[in-house]
Amino acid sequence: MATIRYETEHRCAHCGKELFGRADKKYCNDTCRNKGNSNRRRRIKWDEPKFVYQISRDLLRNRKIMAETGVWTDDPKVVTRGSLLDKGFNFEFYTNILKTSKGDYHYCYEYGYKELDNGKILVVMTEKYFEMTIKIKDY
Ligand SMILES: [Zn+2]
């Protein structure tokens, strides 16, 4: 009588050695687990184009810097360009532009800024994103 042997593919995710025991076991020992995990982390970093997480990081940093000015929807703040740059603000990246007759607002999420004639920066906050959240909940 012929015996059918199924290939289980149950092998260590790092060294490829056959594994015995629990079906959810992924590595043969702690050394392989540690090496496997650090390789996986490194691979994620290398696979992702560097600029993708650099831009995401800069957008979030811009948002945080504007939030830290204490701005609120009905309370815009005027700051210097230098004070924003000192904190690492990146004027290159923003999520959207609002064009008005008085100039363009560059937004990073709900916070935005506009360059004033005196060289200073007006920081504003919009309720637009809150409204979007409410609308989505209504549907
Ligand atoms: Zn192993």
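**Figure 1. The hairpin of β4 and β5 has a turn of 5 residues.** In this predicted model, strands β4 and β5 form a hairpin with 5 residues between them. One residue in that turn is G119, whose phi is positive, at about 90°. The two strands pair in the antiparallel sense. Their pairing runs over 5 bridges. To find one, start at K114: its bridge partner in β5 is L122.

**Figure 2. A hairpin of β3 and β4 has Y109 with a positive phi.** Here 2 residues lie between the strands. The strands, β3 and β4, are antiparallel and are joined by 3 bridges. Y107 is bridged to G112 in β4. Now look at Y109, placed in the loop between β3 and β4. Its phi is near 60°. That value is positive, and Y109 is not a glycine. Most residues other than glycine have a negative phi. Is Y109 buried, partly exposed or exposed? Y109 is partly exposed, because 18 other C-beta atoms lie within 10 Å, and a residue counts as buried only at 20 or more and as exposed at 12 or fewer.

**Figure 3. Strands β2 and β3 are joined by a hairpin.** The connection passes through 2 residues. The strands run antiparallel, with 5 bridges joining β2 to β3. One pair to look for is K99 and its bridge partner in β3, D104.

**Figure 4. I97 is an exposed residue in strand β2.** Why does I97 count as exposed? It has 10 other C-beta atoms within 10 Å, and the limit for exposed is 12 or fewer, so I97 falls in that class. Leaving out residues up to four places away in sequence, I97 touches D104, Y105 and H106. Next, find G112. I97 and G112 are 15 residues apart along the chain. Their C-alpha atoms are separated by 8.6 Å.

**Figure 5. Five strands form an open sheet.** In what order do the strands lie? The order is β1-β5-β4-β3-β2, and the pairing is antiparallel. β1 (77-79) and β2 (96-100) are the edge strands, so each pairs on one side only. From one strand to the next, the twist averages 30°. Strands of a sheet pair through backbone hydrogen bonds, either parallel or antiparallel. At one edge, β1 pairs with β5 over 3 bridges, in the antiparallel sense. V79 is a good place to start there: its bridge partner in β5 is I121.

**Figure 6. The largest nonpolar core has 13 residues.** Which residues have the most contacts inside it? They are M66, V71, Y107, C108, Y111, Y113 and V123. Four elements each supply at least two residues of this core: α2 (50-67), β3 (103-108), β4 (111-115) and β5 (121-125). Focus on M66. Setting aside its neighbours within four places in sequence, M66 is in contact with V71, C108, Y111, Y113 and V123.

**Figure 7. The whole chain has 4 helices and 5 strands.** From the N terminus on, the elements run α-α-β-α-β-β-β-β-α. The chain has 139 residues, and 12% of them count as buried. Take the contacts between residues at least 6 apart in sequence: 40% of these join residues at least 24 apart.

**Figure 8. Confidence is highest in β1 and lowest in helix α4.** The average pLDDT of the chain is 84. A score of at least 70 is reached by 81% of the residues. Strand β1 has a mean of 97. Helix α4, residues 128-138, has a mean of 59. Where pLDDT is low, the predicted coordinates should not be read in detail.

Note on methods. Residues numbered from 1 in each chain as written. Predicted model: local features only at pLDDT ≥ 70, side-chain atom pairs only at ≥ 80, totals over all residues. Core = buried A, V, L, I, M, F, W, Y, C linked by C-beta atoms within 7 Å. Contact = placed C-beta atoms within 7 Å. Axes fitted to C-alpha atoms, helices over the stretch in contact; angles between N-to-C directions. pLDDT = per-residue confidence, 0-100.
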